[in-house]
Amino acid sequence: MPKASPVKAATKAIPDRFDALPEPVRHETNVAEYLEFYRMMLLIRRFEEKAGQLYGMGLIGGFCHLYIGQEAVVTGLQSAIQPGRDSVITGYRDHGHMLACHIDPKVVMAELTGRAAGISRGKGGSMHMFSVEHGFYGGHGIVGAQVSLGTGLGFAHKYKADGGVALTYFGDGAANQGQVYESFNMAELWKLPVIFIIENNQYAMGTSVNRASAEDQLYRRGESFRIEGMQVDGMDVLAVRGAMNSALEWVRGGKGPILLEMKTYRYRGHSMSDPAKYRSRDEVQAMRDKSDPIDNARADILKRGFADETALKEIEKVIRAQVAEAADFAEQAPEPDLAELYTDVLVERY
Ligand SMILES: Cc1ncc(C[n+]2csc(CCOP(=O)(O)OP(=O)(O)O)c2C)c(N)n1
Ligand SMILES: [Mg+2]
């Protein structure tokens, strides 16, 4: 008689593994809140456009990765967190995350231009900014590294029982890094309060998500660790905030981590030095025309009668002035003193 297949013998019925995740619904907003979402998205857009200009003028050196197109993601998610209680960590495409942490645009822009008044005293630049005061833990250049660190932040929240949640952002490309899955395992095993956010902007440098990912439905990437996932329209600020409401209920309720895949799009190249030859102009234009998060929010605000054209123009005017002020500050502020070369540097043996 043939032996029973070891695989078959080991096969067991899988018990119902997941608690029911509440179905995410589009956030029900009000006038003041919707206008604030609009204001924040516009601030990020105009800030990034200005950063692009300053880079072109040679005032920003090194790497500079713009967030234009993805504004609804950080705006929707971070509108729901509690400053001083929750924490945020991301990769190098980080300017929008900082502005959505309510960090002063002046000190962010001054960091981009390498000035002493910058948030990392002019020594970090675009990719390496940090502010414990605002719960912002970087700003990381190693793809995927922030996922393990964000899991550590979640561990700290749980250990200290401070009720905080760690928002851990990473890209579709980073989603293929090994340390992400080691982190998923620990986060679920220890039921850590982490919201893993994949900003799926469709590309990792010049590689499209479908070309690099065997499972391109990235919200499913936590399944074998029993981490529930949601796929969200990351171009719709109310859809993002709606998903965040469900995610926060889950995580603050002690049920462990959750994974949000934000379907979004970056309009500019990977960094300022990328001519973006791997995609057509038509593809980018179609996104801008149909899915722009700011244009769509604007149209929705007008349709609901939450504001008229004049009121929205006034918001634009204020933001333009705020960004111009940040740029002037960043251009005029002094550079760090030469002696600063020797501070914040680890010199011990280890
Ligand atoms: C460990 C590591 N590998 C490679 C790189 C080079 N690199 C920088 S950004 C990037 C693409 C990452 O794409 P994604 O995670 O989708 O983020 P996005 O740039 O789209 O925001 C790569 C490969 C790096 N910085 N770190
Ligand atoms: Mg990407």
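Okay, let's start with a helix pair: helix α2, residues 31-56, and helix α3, residues 71-78, have axes that come within 9 Å and cross at roughly 135 degrees. That angle makes α2 oblique to α3. Before I go on, keep in mind that this is a predicted model.

Why quote those two values? Because two packed helices are described by the angle between their axes and the distance between the axes. As for the hand, α2 passes α3 in a right-handed crossing.

So which residues in α2 meet α3? On the α2 side you've got Phe37, Met40, Met41, Ile44 and Arg45, and they meet Glu71, Ala72 and Thr75 in α3. Sort that contact by class and you get 5 nonpolar, 1 polar and 2 charged residues.

Now let's zoom out to the whole chain. How many helices and strands does the protein chain have? The count is 12 helices and 7 strands. The radius of gyration is 21 Å, and the globule rule gives 20 Å for 350 residues, which is close, so the chain is as compact as a globular protein of that length. If you want the box for your viewer, the C-alpha trace spans about 85 × 65 × 45 Å along its principal axes.

Two more values on the packing. Buried residues make up 45% of the 350 residues in the chain. And if you take the contacts between residues at least 6 apart in sequence, 76% of them join residues at least 24 apart.

That's the tour: one oblique helix pair, α2 with α3, in a protein chain with 12 helices and 7 strands.

How values were computed: Residues are numbered from 1 along each chain as its sequence is written. Chains are lettered from A and ligands numbered from 1 in the order in which they are written. This is a predicted model: local features need pLDDT of at least 70, side-chain atom pairs count only at pLDDT 80 or more; totals for chains, interfaces and linings use all residues. Axes are lines fitted to C-alpha atoms, for helices over the stretch in contact, and angles run from 0 to 180 degrees between N-to-C directions. Helices (H or I, at least four residues) and strands (E, at least two) are DSSP runs, numbered from the N terminus. Angles under 35 degrees count as roughly parallel, over 145 as roughly antiparallel, 65 to 115 as roughly perpendicular and the rest as oblique. A crossing is left-handed if the near helix is turned anticlockwise from the far one by less than a right angle, and right-handed if clockwise. Two residues are in contact if their C-beta atoms, placed from the backbone, lie within 7 Å. Ala, Val, Leu, Ile, Met, Phe, Trp, Tyr, Cys and Pro count as nonpolar, Asp, Glu, Lys and Arg as charged, and the others, Gly among them, as polar. The radius of gyration is taken over C-alpha atoms; the globule rule is 2.2 Å times the number of residues to the power 0.38. A residue is buried if 20 or more other C-beta atoms lie within 10 Å of its own, exposed if 12 or fewer, and partly exposed in between; C-beta atoms are placed from the backbone.
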